Amino acid sequence: MSKQILAREIYAASRLSGEFTLRSGQQSDTYFDKYMFEANPRLLSAIAAELSSHIPVGTHVLAGLEMGGIAIATALSLHTNISAAFVRKQAKAYGTRKIAEGAEVHGRKVCVIEDVVTTGGQILQSVKELRDAGAIVQDVVCVIERHPDGRANLEAAGLKLHALLTMDELVKNSVE
């Protein structure tokens with residue numbers, strides 16, 4: 001599937017019409033539901049196939065961020081044969097008490113996986129916690145770069161963002 005067709009299909013699967021309250025509290029008649037493309041096995045497989053070329057050489061672990069990054073990291077792991085870790089927003093107070101479950105991250109080159117990057121705030125928090133756990137983190141891979149502020153914030157923290165699509169590309173390809 002070409003990148004343009006993939007963009008069109010992601011947009012078509014994820015753009016919803018109705019009455020929605022946005023995170024900002026504003027009302028909107030449209031909503032972009034990223035979980036719709038993550039829950040579609042055909043789209044998720046095509047996304048992973050395209051994203052696999054964005055994984056930096058030498059990556060030991062794909063760290064999917066809770067919640068949307070976990071599906072993407074799992075699909076990428078299947079396509080690349082690179083182990084996955086699942087990063088919680090907050091470590092649980094029981095069990096292993098780890099921030100990252102699954103593959104060991106200590107001393108390993110970890111690539112953070114996220115579905116959509118807007119400001120990068122959760123990524124920056126998770127990267128700090130992964131580094132505190134001994135991970136070597138320099139790269140972030142995402143399906144959609146929603147806003148350029150996210151890239152700027154990540155770059156300011158010394159991280160390189162590899163995005164499959166920008167939101168502008170999604171919108172542009174949806175009308176062609």
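**Cysteines, a buried glutamate and unusual backbone geometry**

The count of disulfides is zero in this predicted model. Cys111 takes part in no disulfide. Its nearest cysteine sulfur belongs to Cys142, 10 Å away. A disulfide requires two cysteine sulfur atoms within 2.5 Å. The sulfur of Cys142 has its closest cysteine sulfur in Cys111, and at 10 Å that partner is too far for a bond. Cys142 and Cys111 therefore do not form a disulfide.

Both cysteines can also be described by their accessibility. Cys111 has a relative accessible area of 1%, so this residue is buried. Cys142 has a relative accessible area of 0% and is therefore buried. The threshold for a buried residue is under 20%.

Glu145 belongs to strand β7, which covers residues 136-145. Its relative accessibility is 8%, so Glu145 counts as buried. A polar contact links the side chain of Glu145 to the side chain of Arg151, at 2.8 Å. Arg151 also appears among the residues that Glu145 touches, when residues up to four places away in sequence are not counted. The others in that set are Val117, Leu161, Ala163, Leu165, Thr166 and Met167. The buried Glu145 thus has a polar contact with Arg151 through its side chain.

Backbone geometry was examined next. Most peptide bonds are trans, and most residues other than glycine have a negative phi. Three sites in the model depart from these patterns. The peptide bond from Glu66 to Met67 is cis. Its omega is near 10 degrees. Met67 sits in the loop between β3 (61-65) and α4 (68-80).

Asn81 is not a glycine, yet its phi is positive, near 65 degrees. This residue lies in the loop between α4 and β4 (83-87). At 75% relative accessibility, Asn81 counts as exposed. Arg97 also is not a glycine and has a positive phi, of about 60 degrees. The loop between β4 and β5 (100-102) contains Arg97. Its relative accessible area is 57%, so Arg97 is exposed. The threshold for an exposed residue is over 50%.

In short, the cis peptide bond leads from Glu66 to Met67, and Met67 is a loop residue. The positive phi values belong to Asn81 and Arg97. Asn81 is in a loop, and so is Arg97. Asn81 is exposed, as is Arg97. Glu145, by contrast, is a buried residue of strand β7.

Note on methods:
Residues are numbered from 1 along each chain as its sequence is written. This is a predicted model: local features need pLDDT of at least 70, side-chain atom pairs count only at pLDDT 80 or more; totals for chains, interfaces and linings use all residues. Side-chain values use heavy atoms; hydrogens and water are left out. Buried means under 20% relative accessible area, exposed over 50%, partly exposed in between (1.4 Å probe, protein chains only). Helices (H or I, at least four residues) and strands (E, at least two) are DSSP runs, numbered from the N terminus. A polar contact is a pair of N or O atoms within 3.5 Å; within protein, one must be able to donate a hydrogen and the other to accept it, and residues adjacent in sequence count only if both atoms are side-chain atoms. Contact means heavy atoms within 4.5 Å.
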